[in-house]
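Hello,

Here is the structure we talked about handing over. My notes on what was found in it follow below.

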Amino acid sequence: MELPALVIGANVVEGEIFFFTGQCPVGVPDHPHVLIRHKEKYLFLNTCSSSLDTAIRLAEIRNWPKDSYPIVCKNAVNKLSYDSYVNCNEYIELTEEQFGEYYKAGYIYREKGGGVMEDADMRRILHGIEISLNITDEDKSKILD
């Protein structure tokens, strides 16, 4: 029996890392994304990238706090392939059903063994969202509360 999309989306865990393929209609193609919050039927995902220099330059150009691009080192828990920054200045909002549909279609997938952010990294990511100058206070309260 195939699981309904809503069930798939309802059973993901905060801090899990998912990859979005080039065919996915949302997100950054072929990049890992961190599940930030799973509440009220929404999933908020931030993109990870290994382009650390790009993140620093972008923060400087836009005058955004550098801590809004926290660096996460690859390890056995998160299973990232490289040290990465997490962009806390933008997010993707999906319903559980949308997430489940993209997952079932193969547009979103977990790496073998599934990686998850450690608590200390999640705290730094949430702090990055909190200090972001690009995310509205209304959106911050939706994500952080």
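**The hairpin and its neighbours**

Strand 2 and strand 3 form a hairpin with two residues between them. One residue in the turn, Glu40, has a positive phi of about 50°. Please keep in mind that this is a predicted model.

Strand 2 covers residues 31-39 and runs antiparallel to strand 3, with six bridges joining the two. Within this pairing, His33 has Thr47 of strand 3 as its bridge partner.

Strand 3 itself spans residues 42-49, and seven of its eight residues are buried. Besides its hairpin partner, strand 3 pairs with two other strands, as follows.

- Strand 6 (residues 92-95) is antiparallel to strand 3, and four bridges link them. Here Tyr42 has Thr95 in strand 6 as its bridge partner.
- Strand 5 (residues 84-86) is also antiparallel to strand 3, with two bridges between them. Cys48 stands opposite Val86 of strand 5.

As general background, side chains in a regular strand alternate between the two faces of the sheet.

**Cysteines**

How many disulfides does the model contain? With a cut-off of 2.5 Å between cysteine sulfur atoms, the count is zero. Cys24 takes part in no disulfide, and the nearest cysteine sulfur to it, in Cys48, is 15 Å away. Is Cys24 buried or exposed? Cys24 is buried, at a relative accessible area of 8%.

Why is Cys73 not bonded to Cys48? The closest cysteine sulfur to that of Cys73 is the one in Cys48, and the 12 Å between them is too far for a bond. A disulfide is a covalent bond between the sulfur atoms of two cysteines, and the pair would have to lie within 2.5 Å to be counted as one. Cys73 has a relative accessibility of 45%, so it counts as partly exposed.

**A loop residue**

Where does Val13 lie? Val13 sits in the loop that runs between helix 1 (5-10) and strand 1 (17-20). Its relative accessible area is 48%, so Val13 is partly exposed; the cut-off for exposed is over 50%. Val13 and Gly128 are 115 residues apart along the chain, and their C-alpha atoms are separated by 20 Å.

**For reference**

In short, strand 3 is mostly covered, strand 3 pairs with strand 2, strand 6 and strand 5, and the model has zero disulfides.

Regards

Key
Residues are numbered from 1 along each chain as its sequence is written. This is a predicted model: local features need pLDDT of at least 70, side-chain atom pairs count only at pLDDT 80 or more; totals for chains, interfaces and linings use all residues. Side-chain values use heavy atoms; hydrogens and water are left out. Buried means under 20% relative accessible area, exposed over 50%, partly exposed in between (1.4 Å probe, protein chains only). Two strands pair if DSSP finds at least two bridges between them.
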